[in-house]
Amino acid sequence: TTGHHHPRSGYVFGVGKNLFDRLQEDQYDYRRKMNTYYPFHDEGEWELARFLVENLTQTQIDKFLKL
């Protein structure tokens with residue numbers, strides 16, 4: 001077996017990949033390398049999204065996006 005056992009714990013079967021590892025392997029990794037703000041177009045779009053999330057409810061955001 002590949003794991004180890006502690007008398008007061010469950011059984012460990014090894015270590016999986018963390019979120020950062022999985023992000024680097026996905027199909028959009030090259031886009032994140034070219035654009036720090038991906039999936040947003042640029043810093044301005046990121047700042048708008050951040051403002052909306054920090055200041056409006058989901059219903060208000062939906063109404064804004066329908067304008």
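These are my notebook entries on a predicted model of a protein.

**Overall layout**

I started with the secondary structure. I counted four helices and two strands. Reading along the sequence, I get the order β-β-α-α-α-α. I then looked up burial, and 7% of the 67 residues count as buried. For the surface, I noted about 6300 Å² exposed, with 57% of that coming from carbon and sulfur atoms.

**Aspartate 29**

Next I picked out aspartate 29. Where does aspartate 29 sit? I found it in helix α2, which covers residues 29–34. Is aspartate 29 buried or exposed? Its relative accessibility is 13%, so I put it down as buried, the cut-off for buried being under 20%. I also checked what aspartate 29 touches, leaving out residues up to four places away in sequence, and wrote down Leu23 and Gln24.

**The bond before proline 39**

Then I went through the loop between α2 and α3, which is where proline 39 lies. I made a note of the peptide bond joining tyrosine 38 to proline 39, because it is cis, with omega at about 15°. For context, most peptide bonds are trans.

**How α3 and α4 pack**

I moved on to the pair α3 and α4. Their axes are 8 Å apart and the packing angle is about 140°. Which residues make the contact? From α3 I listed Leu48, Leu52, Val53 and Asn55, and from α4 I listed Gln60, Ile61 and Phe64. I also looked up the handedness of the α3 and α4 crossing, and it is right-handed.

**The nonpolar patch**

Last, I looked for nonpolar surface. I found a patch of about 560 Å² made by Leu48, Phe51, Phe64, Leu65 and Leu67. Which helices supply at least two residues each to the nonpolar patch? I have α3 (43–55) and α4 (58–65) down for that. Leu48 belongs to the patch, and Leu48 is also in my list of α3 contacts with α4.

I gave phenylalanine 64 an entry of its own. It is found in helix α4. With a relative accessibility of 34%, phenylalanine 64 counts as partly exposed, since that class lies between the 20% limit for buried and the 50% limit for exposed. So I have Phe64 down twice: as part of the nonpolar patch, and as one of the α4 residues in the contact with α3.

Notes
Residues are numbered from 1 along each chain as its sequence is written. This is a predicted model: local features need pLDDT of at least 70, side-chain atom pairs count only at pLDDT 80 or more; totals for chains, interfaces and linings use all residues. Side-chain values use heavy atoms; hydrogens and water are left out. Buried means under 20% relative accessible area, exposed over 50%, partly exposed in between (1.4 Å probe, protein chains only). Contact means heavy atoms within 4.5 Å. Patches are made of residues with over 30% relative accessible area and no salt bridge: like charges are joined within 9 Å, nonpolar side chains (Val, Leu, Ile, Met, Phe, Trp, Tyr) within 5 Å. Accessible areas come from the Shrake-Rupley method with a 1.4 Å probe; for residues, only the protein chains shown count as cover. A salt bridge is a side-chain nitrogen of Lys or Arg within 4 Å of a carboxyl oxygen of Asp or Glu. Axes are lines fitted to C-alpha atoms, for helices over the stretch in contact, and angles run from 0 to 180 degrees between N-to-C directions. A crossing is left-handed if the near helix is turned anticlockwise from the far one by less than a right angle, and right-handed if clockwise.
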